[in-house]
Amino acid sequence: DLDMLVQFLSHLEFCREIHDREVLQLLCPGENLPPTKNTSERFLFFSGLVSLKAPSGVWETNTQFPQLCGWMLQCCEAGQFLTSQFIQVLLLRIAFSFALAPDTPGSNDLPVLLRKCFIWKNGIYWGSRKGVEALVEIRDPPQNKEVVVMLRCMSGQEVECARLRSTIIQMVLGAKEKLCPKVPTKEFLLHPSQVREYPLKFPAEQDLISIREVSRAVVEGACGVVGSNNEPVDLKELLLVEPYANLKADILRQLFIGETKEMVSDKFLYEIAELIYYKKDLFIDMLKLSRAQLADKIREALGGDIEEFVCVLQCWRGDSGTYQSLRETLDQFSVFAGR
C-alpha cells in the first residue's frame with residue numbers, strides 16, 4: 001500500500017512528502033514539472049539522497065547584514081562521529097521547519113523562507129523575509145565531526161536572529177540526543193569575524209570559545225571571556241543578543257532553581273527592570289514576539305522611565321506569569337536554551 005509506505009518512511013524521517021508546488025520548484029529548479037493538480041504523481045524529498053555540493057557564493061560578504069553570530073557542536077573524542085542518520089534527519093527537520101516551511105499567514109511564527117534556499121549533501125542555507133539569513137552545515141565529511149550554525153541579519157533584526165539561533169541550536173541538540181546520545185560533544189561559540197565568509201576556515205582549538213566559559217562569564221556578570229591569544233572577547237559582540245546577560249546571580253538562581261511555578265513578584269520585576277533598563281527595547285521585542293496578543297498593551301505601557309518599563313513587565317506577567325514561564329520566554333532567544 002503506497003499510503004502506508006509513505007507514512008512509514010515519513011515517520012522514520014527518511015523523507016517528507018511535498019504537496020506545495022512552489023516548494024517543489026525550489027527543490028527542482030529548471031525542471032518542467034507537471035501540475036500538482038489533476039495528477040496521480042506524488043513527490044517525496046529524501047535528504048539522505050542529496051548529492052549536490054554547496055553552491056559557490058552561498059554566503060558571500062554582504063554589507064546589508066552587518067550583525068553576525070555562530071555556534072558549533074563538535075565531537076570531542078577520536079573515533080567518534082555524528083551518524084549519517086543524524087545528518088539526514090537534521091537536514092530534513094531544518095528544511096521543513098524553516099527553508100521549506102509553509103508560506104501562509106499564521107502557519108509558522110518563526111522567520112521562514114523568503115523563497116530563497118539551497119540544500120546540499122551536508123548543509124542548507126535560507127533567507128527569511130524578516131532580514132535574517134542562516135546556514136547550517138555538518139562539516140568535515142565523511143568523518144562528520146562538527147555541526148556549524150552561521151547566522152547574520154540586518155540592523156534592527158537582532159532579536160529575530162537570536163530567536164532563530166536558539167531554535168536551531170535546540171533542534172540540533174534534540175536530534176543529537178535522540179540519534180547519537182552516546183557521542184560526547186562540546187559546544188562552542190564562534191566570533192563574528194569567523195563567520196563572515198564561507199566556507200568556514202577550520203578554527204584552531206585556541207580560536208574556539210567554549211559555551212561553558214561563556215555561561216560562567218554570564219553568571220559572574222563579566223563583560224567578556226578570554227579568546228584566542230589570551231585576548232578578551234566582548235560578550236555583547238559574541239552573543240549578539242542574550243537575555244540572561246547582565247542579570248545578577250540571585251536573579252538567575254530564582255529563574256532556574258527557585259519555585260518556578262510561583263507567580264513572578266513585583267519586587268522581582270523591579271530588580272530585573274533596573275538591570276536591563278539599558279536594553280529595554282530588545283527585551284520588549286522579546287516579550288512581544290513571545291506573546292503577540294499583548295503587543296498593543298505593551299505599546300501603551302511603553303514610556304521613557306523605569307516605572308513604565310516595569311508596567312511593560314507586569315503587562316507580560318498578567319495573571320499567569322510564573323518564573324517558569326518567564327524563563328521559557330527568555331529561552332526562546334538565548335544561546336543557552338534547553339540546557
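**Exercise 1. Place strand 3 among its partners.**

Q74 stands opposite K186 in strand 8. Start from this pair and work out which strands flank strand 3 and in what sense they run.

*Solution.* First, a word on the model. It is predicted, so local features need pLDDT of at least 70, side-chain atom pairs count only at pLDDT 80 or more, and totals for chains, interfaces and linings use all residues. Residues are numbered from 1 along each chain as its sequence is written, and side-chain values use heavy atoms, with hydrogens and water left out.

Step 1. Fix the terms. Strands (E, at least two residues) and helices (H or I, at least four) are DSSP runs, numbered from the N terminus. Two strands pair if DSSP finds at least two bridges between them.

Step 2. Take strand 8, residues 185-190. Strand 3 pairs with strand 8 in the antiparallel sense, over six bridges.

Step 3. Turn to strand 7, residues 146-153. Strand 7 is joined to strand 3 by eight bridges, and the two run antiparallel. Here L68 stands opposite R152.

Step 4. Check burial. Buried means under 20% relative accessible area, exposed over 50%, and partly exposed in between (1.4 Å probe, protein chains only). Strand 3 spans residues 67-75, and eight of its nine residues are buried, so the strand is largely enclosed by the rest of the structure.

**Exercise 2. Describe the packing of helix 3 on helix 4.**

Give the angle, the axis distance, the handedness and the residues in contact.

*Solution.*

Step 1. Recall the description. Two packed helices are described by the angle between their axes and the distance between the axes. Axes are lines fitted to C-alpha atoms, for helices over the stretch in contact, and angles run from 0 to 180 degrees between N-to-C directions.

Step 2. Read the geometry. Helix 3 (residues 84-99) packs on helix 4 (residues 158-179) at about 150°, with the axes 10 Å apart.

Step 3. Give the hand. A crossing is right-handed if the near helix is turned clockwise from the far one by less than a right angle, and left-handed if anticlockwise. Helix 3 and helix 4 cross in the right-handed way.

Step 4. List contacts, meaning heavy atoms within 4.5 Å. Helix 3 contributes residues including F86, V89, L90 and F98, while helix 4 contributes residues including L164, I168, M171 and L179.

Step 5. Sort by class. Ala, Val, Leu, Ile, Met, Phe, Trp, Tyr, Cys and Pro count as nonpolar, Asp, Glu, Lys and Arg as charged, and the others, Gly among them, as polar. The contact of helix 3 with helix 4 divides into 11 nonpolar, four polar and three charged residues.

**Exercise 3. Do the same for helix 8 and helix 11.**

Which angle word fits this pair?

*Solution.*

Step 1. Helix 8 covers residues 266-276 and helix 11 covers residues 306-317. They pack at about 125°, with axes 9 Å apart.

Step 2. That angle makes helix 8 oblique to helix 11. Angles under 35 degrees count as roughly parallel, over 145 as roughly antiparallel, 65 to 115 as roughly perpendicular and the rest as oblique.

Step 3. The crossing of helix 8 and helix 11 is right-handed. Among the residues in contact are L269, Y270 and I272 of helix 8, and F309, V310 and L313 of helix 11.

Step 4. By class, this contact has nine nonpolar, one polar and four charged residues.

**Exercise 4. Locate Q88.**

Is Q88 buried or exposed, and which residues beyond its sequence neighbours does it touch?

*Solution.*

Step 1. Q88 sits in helix 3.

Step 2. Its relative accessible area is 15%, so Q88 is buried.

Step 3. Leave aside neighbours within four places in sequence. Q88 is then in contact with E13, F14, S47 and G48.

Step 4. Take S47 from that group. Q88 and S47 are 41 residues apart along the chain, and their C-alpha atoms are separated by 5.3 Å.

**Exercise 5. Find the unusual backbone spots.**

Where does the chain have a cis peptide bond, and which residues other than glycine have a positive phi?

*Solution.*

Step 1. Know the background. Most residues other than glycine have a negative phi, and most peptide bonds are trans.

Step 2. The bond from Y198 to P199 is cis, with omega near 5°. P199 is in the loop between strand 8 and strand 9.

Step 3. L240 has a positive phi of about 70°. N246 also has a positive phi, near 70°.

Step 4. L240 lies in the loop between helix 6 and helix 7, and N246 lies in the loop between helix 6 and helix 7.

Step 5. L240 is buried at 17% relative accessible area, whereas N246 is partly exposed at 36%.
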